[in-house]
Amino acid sequence: MEEPPGKPLSFEEKEKNHSGSCSVDVSAVWWEIAGVKEPCIITACEYAVSLWKLLDTGQWEKMYSWHFAEVPVLQIVPVPDVCNLVCVALGNLEIREIRALLCSSDGGCEKQVLLRTGNIHAVLGLTQRRLVSSSRTLCDQQVEVMTFAEGGSEEKQFLMPPEETVLTFAEVQGTQEALLGTTIMNNIVIWNLKTGQLLKKMHIGDSYQASVCHKAYSEMGLLFVVLSHPCAKEREPSGSPVFQLIAINPKTALSVGVMLYCLPQGQAGRQVCDCWAVSVIFERHLCSYRNQMFFCHLDEWKHETLYIDQDKEC
């Protein structure tokens, strides 16, 4: 795959972590406070997760905190379409537990619910109140989708597992019931969430090892995938690579690099991605950088399309 040109991200904002422990992750959630659903911020340190509400003064007020005595927090896992609930992944070097964080019905106290344990490699919150995770035992790999019912119960479904270990997931925006994953061998796999069928496996090149997929979009029969490369080194003159936007034809498995997004020189840290911005956690500060990612139409690829809907031919 051809390497795309680099494009720098512009600095937006810097917030200091006053907790005294290492910052781990940050995310945005909807939370009902005093009968009003509001957008809030979730922050995670090693042994605590906090929910923050924006006040009219422009200051942030801590509303709730969940504490963990034994296993540290690795990742916040927000679940779209779900209010008053967020999931977290706990572990040391690898995920060992997934817990749901919520409050009592009267909002008086914080609660934790253990959802899954084991040797978990990847987890992601999906639309329609779902949570997908992959885990491996000595014998095989399991890819499980859990659906949160309105009454608080969970329903489980298993997807067809690939032979390789799945490292990350991304829901394909623009195509219903499509889930994408990246594997330890730098392959991308695609599932039909409705049937559980594993549709396709595609190699995305070896320019960077252990690529992590953050977002996936479907447009005109093509897949546009936002990757990050944790093992990438800073290079001149573009700086430290944060995200790479690639385009893939799912039918032919051909891929091409569209754009490489880089932090300014000398900046490094853990990246947290949303659709339009990247937050980098380092030295107990949260720095935000912004750049509008664009789509390009590669007309020569549009004649072959991989259909993911159950009613279409694959």
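Helices and strands are here runs assigned by DSSP, a helix having at least four residues and a strand at least two, and they are numbered from the N terminus. By that reckoning the protein chain of this predicted model has zero helices and 24 strands. Of the 314 residues in the chain, 48% are buried, and the chain exposes about 15800 Å², of which carbon and sulfur atoms supply 50%. Among the contacts between residues at least 6 apart in sequence, 46% join residues at least 24 apart.

A good place to begin is with the aromatic residues. The structure holds four aromatic pairs, and one of them is formed by Trp31 and Tyr64, whose rings are tilted, with 6.3 Å from centre to centre and 45° between the planes. This pair links distant parts of the chain, since Trp31 belongs to strand E3 (residues 23-33) and Tyr64 to strand E6 (residues 60-67), 33 residues apart. Both Trp31 and Tyr64 are buried, and ring pairs link these two residues with Trp66 into a cluster.

Tyr64 also leads to Ser50, a residue of strand E5 (residues 48-54). Leaving aside residues up to four places away in sequence, Ser50 touches Tyr64 and Ser65, together with Ile41, Ile42, Thr43 and Lys62. With Ser65 there is in addition a polar contact, in which the two side chains are joined at 3.1 Å. Ser50 has a relative accessible area of 8% and therefore counts as buried, because the cut-off for that term is under 20%.

Further along the chain, the strands can be followed through their pairing. Strands of a sheet pair through backbone hydrogen bonds, and they may do so in a parallel or an antiparallel manner. Seven strands make up an open sheet in the order E7-E8-E9-E10-E11-E12-E13, and their pairing is antiparallel. Strand E7 (73-77) and strand E13 (154-159) stand at the edges of this sheet, and because each has a single partner strand, one side of each is left without a neighbour in the sheet. On average, neighbouring strands of this sheet are turned by 30° against each other, when direction is ignored. At the E13 edge, strand E12 (residues 141-148) runs antiparallel to E13 and is joined to it by six bridges, and Met146 has Lys156 in E13 as its bridge partner.

Beyond this sheet, strand E18 (residues 212-219) offers both senses of pairing. With strand E14 (residues 166-173), E18 pairs in the parallel sense over two bridges, and the bridge partner of Val172 in E18 is Ala216. With strand E19 (residues 222-228), on the other hand, E18 pairs in the antiparallel sense over seven bridges, and here Val212 stands opposite Ser228 in E19. E18 and E19 form a hairpin with two residues between the strands, where Met220 takes a positive phi near 55°.

The last stop is Ser255, which is found in strand E21 (residues 254-263). Its relative accessibility is 18%, so Ser255 counts as buried. Ser255 and Ile204 are 51 residues apart in sequence, yet from C-alpha to C-alpha they are 6.6 Å apart in space.

Methods: Residues numbered from 1 in each chain as written. Predicted model: local features only at pLDDT ≥ 70, side-chain atom pairs only at ≥ 80, totals over all residues. Heavy atoms only, no water. Buried < 20%, exposed > 50% of the residue type's maximum accessible area, 1.4 Å probe, protein only. Polar contact = N/O pair within 3.5 Å; in protein donor to acceptor, adjacent residues only side chain to side chain. Contact = heavy atoms within 4.5 Å. Pairing = 2+ DSSP bridges. Axes fitted to C-alpha atoms, helices over the stretch in contact; angles between N-to-C directions. Phe/Tyr/Trp six-rings, centres within 6.5 Å; stacked < 30°, edge-to-face > 60°. Areas by Shrake-Rupley, 256 points an atom, 1.4 Å probe, with all protein chains shown as cover.
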